Amino acid sequence: MSQGRPDISVVIGSMRIGGAERATMHLINGLSKKGLKVDLVLLFKAGDFLDSIDPNINIVNLNKRKASQGIGAFRKYLKQNNPEKLFVVQNHIQLMVLIAAKLTGWKGKIILNEQSTFSRNLIGFKGSIQQKLSKLLFPGVDSITAVSEGVSADLKRNFPGMKNKICVIPNAVITEHLYKVKDKPVSHPYFNTGNPVFISAGRFIKSKNFDLLIKAFKVYNKDNMARLIILGDGEERHHLKRLVAALNMTDMVSFPGFVPDPCSYFSKADLFISSSDYEGLPGVIIEALACGCKVVSTDCDNGPAEILQNGKFGFLCPVGNVNYMAEAIDLAVNSKVDKISLVERANYFHVDRIVAEYLKLINSLK
């Protein structure tokens, strides 16, 4: 447990590899460097990002596997540490925290952070219960930060009485570390073939729709000799490898697994492709731009069109359409792009700017 009262306690499930976790890591490191006393409270202490957390940040492990089991442990944490403010990521964790705060009678300020499209993310029986609980509990919080305008609009539709409490602050994606590592050598054989190399990255889950990417790549590649690298891991891995084999593309598509610094790949690729059905603010697109890499993305809810400014900084295609994505790949490959403008666009999401915005919000909640 922490020594002294934290200025802010940031609560999230774990520090496993994911966009929300990476953004949280950048934010808390930035707040700590600005002199805030930060506690990172985890439902369970796990994940590769733990190694990258500022040593001045106090990590608290509730050591529970489910958010419902964490309510009692978080109540105990609140009583012992009484942080001034809470910043909470992920819906199941938010509900855990809000219930615990109510039961404890804790009176500090609460900021919730929405990383994805609220109405798209909470589906099925469990999702509908989470939506109902959210409608009940969210109105009591002090602020909700949305990572994109689209995510904000969805929240305002779901919580019309909270419009004044919802604001857009994008994720902190770009760091000096990214610029240091992007030019590191990569030993992948595709980069030595002389053929164009396309890249994608993300958690292997259905909503990322890597099926679409693989099928569109197959259509594009019938007259071409390009290669495709898909970085990441997840539950869909075996399915995706089977799909590649069924399409006779095993020598053209590679799955190297999770890579801690994917920018070293992005900076050497000819094209980055995102095929998601929905998003919040896809950090990998921003990272690709920071590496001066051309981007093709589905025009999904939410984030890609905002990042690429409706096609000014990349190529957008309809969600789920194989032929349109293949055409967009072809267009992008044959286009000339000003790399400097891509890097400048990415720097809008620089950690220094985002941390400054969060400090303004935190200081406004007295």
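**Exercises: cores and rings**

**Exercise 1.** Which residues does Phe 272 touch, leaving out those up to four places away in sequence?

*Solution.* Start with the rule: contact means heavy atoms within 4.5 Å. By that rule, Phe 272 touches Ile 199, Ser 200, Ala 201, Phe 266, Val 284, Ile 285, Ala 288, Cys 293, Lys 294, Val 295 and Val 296, with residues up to four places away in sequence not counted.

Before going on, note that this is a predicted model, where local features need pLDDT of at least 70, side-chain atom pairs count only at pLDDT 80 or more, and totals for chains, interfaces and linings use all residues. Residues are numbered from 1 along each chain as its sequence is written, and side-chain values use heavy atoms, leaving out hydrogens and water.

**Exercise 2.** Classify the ring pair of Phe 87 and Tyr 358.

*Solution.* Step one is the rule: rings of Phe, Tyr and Trp (its six-membered ring) pair if their centres lie within 6.5 Å; planes under 30 degrees apart are stacked, over 60 edge-to-face, and the rest tilted. Step two: the centres are 5.4 Å apart and the planes at 90°, so this pair is edge-to-face.

**Exercise 3.** Now try Phe 198 and Tyr 220: how are their rings arranged, and is Tyr 220 buried or exposed?

*Solution.* Here the centres are 5.5 Å apart and the planes stand at 55°, so the pair is tilted. For the second part, buried means under 20% relative accessible area and exposed over 50%, with partly exposed in between (1.4 Å probe, protein chains only). Tyr 220 has 8% relative accessibility, so Tyr 220 counts as buried. Phe 198, at 0%, counts as buried too.
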